[in-house]
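Colleague: Could you walk me through this model and show me how each label is earned?

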Amino acid sequence: MTGEMDRVNSPANDSDVSDDGEWLDVDPDEEPVTVVSLFDSQTFPTLDEMLGHCKQHHGFDLRASLHRLQLDFLGAVKLVNFIRHRVRQGQPLPDAISLSDIQEDAYLKPVLENDAVLFSLDDILDGAVVDVGAADGTDEQTTAWRLRNSQLEAELESIRESFANYRLAVQQTLDRRWGDDDDDTDSRPAASSSAAPAKDNSDYYFESYASNDIHETMLKDQVRTDAYRDFIYGNKHLFKDKVVLDIGCGTGILSMFCAKAGAARVVAVDKSDIIDKARENVFNNGLSSVVTCLRGAIEEVTLPVDRVDIIVSEWMGYCLLYEAMLPSVLYARDKYLAPGGLLVPSSATIWIAPVEDQAYVSDHVSYWRDVYGFDMRAMQENIYDEVRIQTVAESSVCGKPFPFKILDLRCTRTEDLVFTANWVSDLSRPVDNVDGFLIWFDNFFATSGDEPVPEPQTTPEAWVEKGRGNVAFTTGPYGTETHWKQGFLLAAPQSSSTELSLPARVSGRVTFSVLEENVRALMIDAAWSIEGQEERGQSWKLK
């Protein structure tokens, strides 16, 4: 049903050759139509023959179902795709299909490519209305059905005018409906004729997750993605027949892991436009009957369930708390998680260690003092004011790492995410100077809500060995690189320094807080002292 012209290739047909020898395009009188049965692989030359086959051999009357449900064009589309979806999945149809069975917008997407039934729905609807009116045999009912027929024709005409073809019609309808869902839960101010609505920082945050690049980066981070997959697939008994909530679902990968692990229902929530792609991913993998995708912030949407058994979320940002997504997880925990429910992951530990890396300082700081013979020290402005996200070599760490914060997601409160913690580190080698501090985090996945959180010095390897089904990973310099890398707090140089010999101890305080101008950004303050030296202090922003 492409509507393209056929090329006539037979040179024997002289009427199809122009004077200059070029082939002419001709329109066939009628394109052949192949109508595939709703219930098997048989094909038919006409729609009526296919409908008769379904009625005779499968006991299903499509026209009667359209009338019983009083469906409009889009409802009829959903009905056809619902039937094809169930048949493809090897699932029986309900004894009587109801409106609730076909309410999901996922059924607007065709199951069968170039489905002739979908292209002919207007004929089915028109014919069905006439048949019922005639069967009822009353003028009043006939008039009512004719009115209904007129309404359907108006709807179809509107669709024809708005969309160039069926595929585009369905896609635009999906976008419009999902956009309406967003409007129902979004509290953004309406646009005025004189100015666009103001955006807060969260708007830009969610917009940043609408592009493919960031999701490709995260999915290709095998440390990250494998940890979730291994925990979910390795503990299928925890997920079987459970209701799961996926917060910030992105592409839907974690939701699909849960569905494949046997979850009875998965509710995937994301405020970014990526939710549209998640819906398609779920549908294309045959998981629409398990996974429900909702657009909106978890604080704003209305879930189709009162309680969930498991909350899964990849909420971690740089230095763990950048992006401030954890408060949303804690909100959902308090509102939706059933007693004894599981949080995936269950806890996290943040580490700090002193760093000496003269090569880095030379390449990224001192470099600006002589660039092809020019002094470009102006480029050093703010170089000590921002957290630098990068992978630092293990050899650059010059002191014993210290776990300064443990977050047990079962009891952590939002106010606990602004804190000051003490730390101490013994230098592991002589250094000329401490160039800064490195921050990273470890994530732990527990198989029970009653399992104690790891002890402060517990490594991911020790956690995995501790219990069957346990999973953990690190983002630190001692493990495989992740997309989180580490946060490098570059210290401003001292006017003078002396070599630090062993033994020597560095101790201090570190404070995590949020920026007033951007609640999703992070401010890290540190004060530290090295034996024999005065205490120093500095602040870094991560925005």
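Modeller: Gladly! This is a predicted model. Let's begin with one pair of residues: Leu522 stands opposite Leu542 in strand S19.

Colleague: What makes S18 and S19 a pair of strands?

Modeller: Two strands pair if there are at least two bridges between them. Seven bridges join S18 to S19, so the pair meets that rule, and the two strands run antiparallel. They form a hairpin with five residues between the strands, where Gly532 takes a positive phi near 85°.

Colleague: How do you know that S17 pairs with S18 too?

Modeller: By the count of bridges again. Strand S17 (residues 505-515) and strand S18 (residues 518-530) have nine bridges in the antiparallel sense. Two of the facing pairs show how this looks: Leu515 stands opposite Asn518, and Ser507 stands opposite Ser529. S17 and S18 form a hairpin as well, with two residues between them.

Colleague: Why is S18 called largely enclosed?

Modeller: A residue is buried when its relative accessible area is under 20%. Ten of the 13 residues of S18 are buried, so the rest of the structure largely encloses this strand.

Colleague: Which strands make up the sheet around S18, and what makes a strand an edge strand?

Modeller: The sheet is open and has four strands in the order S13-S17-S18-S19, with antiparallel pairing. Strand S13 (419-426) and strand S19 (536-542) are the edge strands, as each pairs on one side only. Neighbouring strands of this sheet are turned by 20° against each other on average, direction ignored.

Colleague: How are the strands paired in the sheet that holds S7 and S9?

Modeller: There the pairing is parallel, in an open sheet of five strands with the order S7-S6-S5-S8-S9. Its edge strands are S7 (291-295) and S9 (337-344), each pairing on one side only. The twist averages 20° from one strand to the next. Within this sheet, strand S8 (residues 308-313) is joined to S9 by four bridges, and Val308 stands opposite Leu337 in S9.

Colleague: What makes you say that helices pack on this sheet?

Modeller: Their contacts with its strands. Helix H13 (residues 274-284) touches strand S6 (265-270) and S7, and its direction makes about 165° with that of S7. Helix H14 (residues 326-336) touches strand S5 (243-247), S8 and S9, and its direction makes about 155° with that of S9.

Colleague: How do you know that Cys249 and Cys293 do not form a disulfide?

Modeller: The cut-off settles it. A disulfide needs two cysteine sulfur atoms within 2.5 Å. For Cys249, the nearest cysteine sulfur is that of Cys293, 5.4 Å away, so Cys249 is in no disulfide. Cys293 is in no disulfide either. By this rule the count comes to zero disulfides.

Colleague: Why are Cys249 and Cys293 called buried?

Modeller: Here the limit to set them against is under 20% relative accessible area. Cys249 has 5%, so it is buried. Cys293 is at 10%, so it counts as buried too.

Colleague: What makes a group of residues a nonpolar core, and which residues have the most contacts inside the largest one?

Modeller: The members are buried residues of nonpolar kinds such as Leu and Phe, joined through side-chain atoms within 4.5 Å. The largest nonpolar core has 90 residues, and those with the most contacts inside it are Phe239, Leu245, Leu303, Leu321 and Phe512. This core draws at least three residues from each of domain 2 (210-314) and domain 3 (347-542). Apart from it lies another core, of 31 residues, with Phe44, Leu51, Val80 and Phe82 among them.

Colleague: Which residues does Leu303 touch?

Modeller: Leaving out residues up to four places away in sequence, Leu303 touches Leu245, Val267, Val269, Leu294, Ile298 and Tyr336.

Colleague: Why is strand S12 called mostly covered?

Modeller: Five of the seven residues of S12 (residues 402-408) are buried. S12 is also joined to strand S10 (residues 347-355) by six bridges, and these two run antiparallel. One of the facing pairs is Ser347 with Asp408 in S12.

Colleague: And how many helices and strands does the protein chain have?

Modeller: There are 16 helices and 19 strands. Of the 543 residues of the protein chain, 48% count as buried.

Terms used: Residues are numbered from 1 along each chain as its sequence is written. This is a predicted model: local features need pLDDT of at least 70, side-chain atom pairs count only at pLDDT 80 or more; totals for chains, interfaces and linings use all residues. Side-chain values use heavy atoms; hydrogens and water are left out. Buried means under 20% relative accessible area, exposed over 50%, partly exposed in between (1.4 Å probe, protein chains only). Domain bounds come from an automatic or database domain assignment. Contact means heavy atoms within 4.5 Å. Axes are lines fitted to C-alpha atoms, for helices over the stretch in contact, and angles run from 0 to 180 degrees between N-to-C directions.
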